[in-house]
Amino acid sequence: MKDIKKSNSGYTLVELIIVIAIIAIMSGVGALTIGSIRTAQATTSMQKFDSELSTLISRTKSLGSSYAMKIVRNAKGDGYDIYYGTYSGSDETGMCDVTKFTANDPSTPDAVLERVTIYYNKDDVYNADGATDELGKGDDGDVNAGMIIRVRKSDNRVIFGEGEYKFVKYAASGTNDSKGLVGRITLNKETGSHTYGKN
């Protein structure tokens, strides 16, 4: 037993550097993957919102001029819920009253926009970069109450909700800025047409 020598030299410096390099690479890959997932979620939400605008126009044509869509921040604050229903308030500019909206099913949203923050500019000022508040805040009303989007049945003219919507990746820290921009949707007041793109 005395002839057996125990070797306990530990890790060499080279082995330690290799392990640290592998950890750094894996961390970088993980961060890129999370960023890609969040971009994909926000982009999907933008495309879904564009689709819901088309749905609103077609449903207004078939179900009547009082039909409307309400978009409101979800309970977690990291996305939005969309409800369809009827609006019984005034159609005069600047007179939108979210309390006059009755959802078809208040317990379940018709669509959900996940992991996104939307900045909105209305009144034909198609430049959401100038909006410092999220959709539903400021001039658009209480963020908890949401906002109404309506179109006229006869010619698709937008009654409420025209302007530009800027979609930004949601960040829990509140650092939503142009670096997280995934795209914009512009809703034309005169025609009800809506387009989306990166810039």
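Aromatic pairing is a good place to start: the chain holds 5 aromatic pairs, counted where rings of Phe, Tyr and Trp (its six-membered ring) have centres within 6.5 Å, with planes under 30 degrees apart called stacked, over 60 edge-to-face and the rest tilted. The model is a predicted one, in which local features need pLDDT of at least 70 and side-chain atom pairs count only at pLDDT 80 or more, while totals for chains, interfaces and linings use all residues. Residues are numbered from 1 along each chain as its sequence is written, and side-chain values use heavy atoms, with hydrogens and water left out.

Take Phe49 and Phe167: their ring centres are 5.7 Å apart and their planes meet at 50°, so this pair is tilted. Because Phe49 belongs to helix α1 (residues 13-63) and Phe167 to strand β8 (residues 163-169), the pair ties together parts 118 residues apart in sequence. Helices here are DSSP runs of H or I with at least four residues, strands are runs of E with at least two, and both are numbered from the N terminus. Phe49 and Phe167 are both buried, where buried means under 20% relative accessible area, exposed over 50% and partly exposed in between (1.4 Å probe, protein chains only). Ring pairs also bring Tyr120 and Tyr165 into a cluster with Phe49 and Phe167.

Rings meet charges too. A charge sits over a ring if NZ of Lys or CZ of Arg is within 6 Å of the ring centre and within 35 degrees of the ring normal. The table gives two examples.

| Charged residue | Ring | Distance from ring centre |
|---|---|---|
| Arg59 | Tyr84 | 4.5 Å |
| Lys166 | Tyr119 | 5.3 Å |

Arg59 and Tyr84 turn up again around Tyr67, whose contacts (heavy atoms within 4.5 Å) also include Leu56, Thr60, Gly85, Asn104 and Arg150, leaving aside residues up to four places away in sequence. Tyr67 lies in strand β1 (residues 67-73) and is buried, with a relative accessible area of 5%. Its side chain makes a polar contact of 3.3 Å with the side chain of Asn104. Such a contact is a pair of N or O atoms within 3.5 Å; within protein, one must be able to donate a hydrogen and the other to accept it, and residues adjacent in sequence count only if both atoms are side-chain atoms.

Now to the strands. An open sheet of 4 strands follows the order β5-β8-β9-β10 with antiparallel pairing, and its edge strands, β5 (116-121) and β10, each pair on one side only. Two strands pair if DSSP finds at least two bridges between them. Strand β9 (residues 181-187) and strand β10 (residues 194-197) run antiparallel and are joined by 4 bridges. Thr186 stands opposite Thr195, and Leu187 has His194 as its bridge partner. β9 and β10 form a hairpin with 6 residues between them, and Gly192 in the turn has a positive phi of about 80°.

Strand β9 also carries Arg184, which counts as buried at 12% relative accessibility. The side chains of Arg184 and Glu164 share a polar contact of 3.3 Å.

Finally, the whole chain: 1 helix and 10 strands are present, and buried residues make up 39% of its 199 residues. Among contacts with a separation of 6 or more, 58% come from residues 24 or more positions apart.
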